[in-house]
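Student: I would like a close look at a single part of this structure. Please describe one helix together with its surroundings in a connected account.

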Amino acid sequence: MSDETQESLITDEMRAAIGKESEPTTLEIDKTSVRMFARAVGYSDPVYYDEAAAQAAGYRSLPAPPGYLGTPVFDPNRRGVRQQAMMEPSRPLKRVLNGGTDIEYLADICAGDVLTSTSGISSIEERQGRLGEMLITTTKTTYRNESGKVVAIMTGTGIRY
């Protein structure tokens with residue numbers, strides 16, 4: 001057994017990023033995107049396709065299907081920002097795995113809504129797995145509607161190994 005202590009995978013830059021909120025991103029929910037997403041994932045409920053069916057079910061317009069939180073508004077003048085969750089650990093870990101995504105819905109999201117999202121790293125952990133060192137990063141993204149009300153919180157886990 002070696003007495004050597006291995007350097008942490010978590011860099012000072014990564015530690016400093018925990019809890020910091022990203023710049024806001026604007027996302028639009030439109031009828032075409034709602035229909036396309038619902039069709040792509042196999043939802044057949046008429047509320048995702050027919051305005052009258054959606055309103056009869058109590059929605060303002062076509063509801064966003066589970067898993068769809070809008071389409072980011074592209075701005076060609078805004079430089080791409082490197083995602084905090086993908087910062088390099090102190091030693092290279094070549095493989096990346098999606099450890100899961102959980103979305104907590106707090107209000108209806110419907111076609112016509114414009115959401116603003118902000119993200120941040122909530123935790124970074126090191127673990128030893130069957131295949132060796134692992135770095136587990138948990139990111140939270142908060143979605144607000146035009147009134148500033150939080151309508152959804154997405155928690156994502158990324159695993160590097």
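Tutor: This is a predicted model, and the account concerns helix α2, which spans residues 31-41. The buried residues of α2 are S33, V34 and A38. Around the helix axis these three residues cover an arc of only 130°, so they lie on the same side of α2. That buried side packs against β2, residues 71-72. The opposite face, turned away from the buried side, carries the exposed residues M36, R39 and A40.

The two ends of the helix may be considered next. At the N-terminal end, D30 acts as a cap for α2. A side-chain oxygen of D30 lies 3.2 Å from the backbone nitrogen of T32. Beyond the other end, just after α2, G42 takes a positive phi of about 90°.

For a view of a single buried position elsewhere, one may turn to T155, which is placed in strand β6, residues 150-160. T155 has a relative accessibility of 18% and therefore counts as buried, the cut-off being under 20%. The side chain of T155 makes a polar contact with the side chain of K140, at 2.9 Å. When residues up to four places away in sequence are not counted, T155 touches G100, T101 and D102, as well as T138, T139 and K140. K140 is thus named both as a polar partner of the T155 side chain and among the residues that T155 touches.

Conventions
Residues numbered from 1 in each chain as written. Predicted model: local features only at pLDDT ≥ 70, side-chain atom pairs only at ≥ 80, totals over all residues. Heavy atoms only, no water. Buried < 20%, exposed > 50% of the residue type's maximum accessible area, 1.4 Å probe, protein only. Helix = DSSP H or I, 4+ residues; strand = E, 2+ residues; numbered from the N terminus. Arc of directions from axis to C-beta. Contact = heavy atoms within 4.5 Å. Polar contact = N/O pair within 3.5 Å; in protein donor to acceptor, adjacent residues only side chain to side chain.
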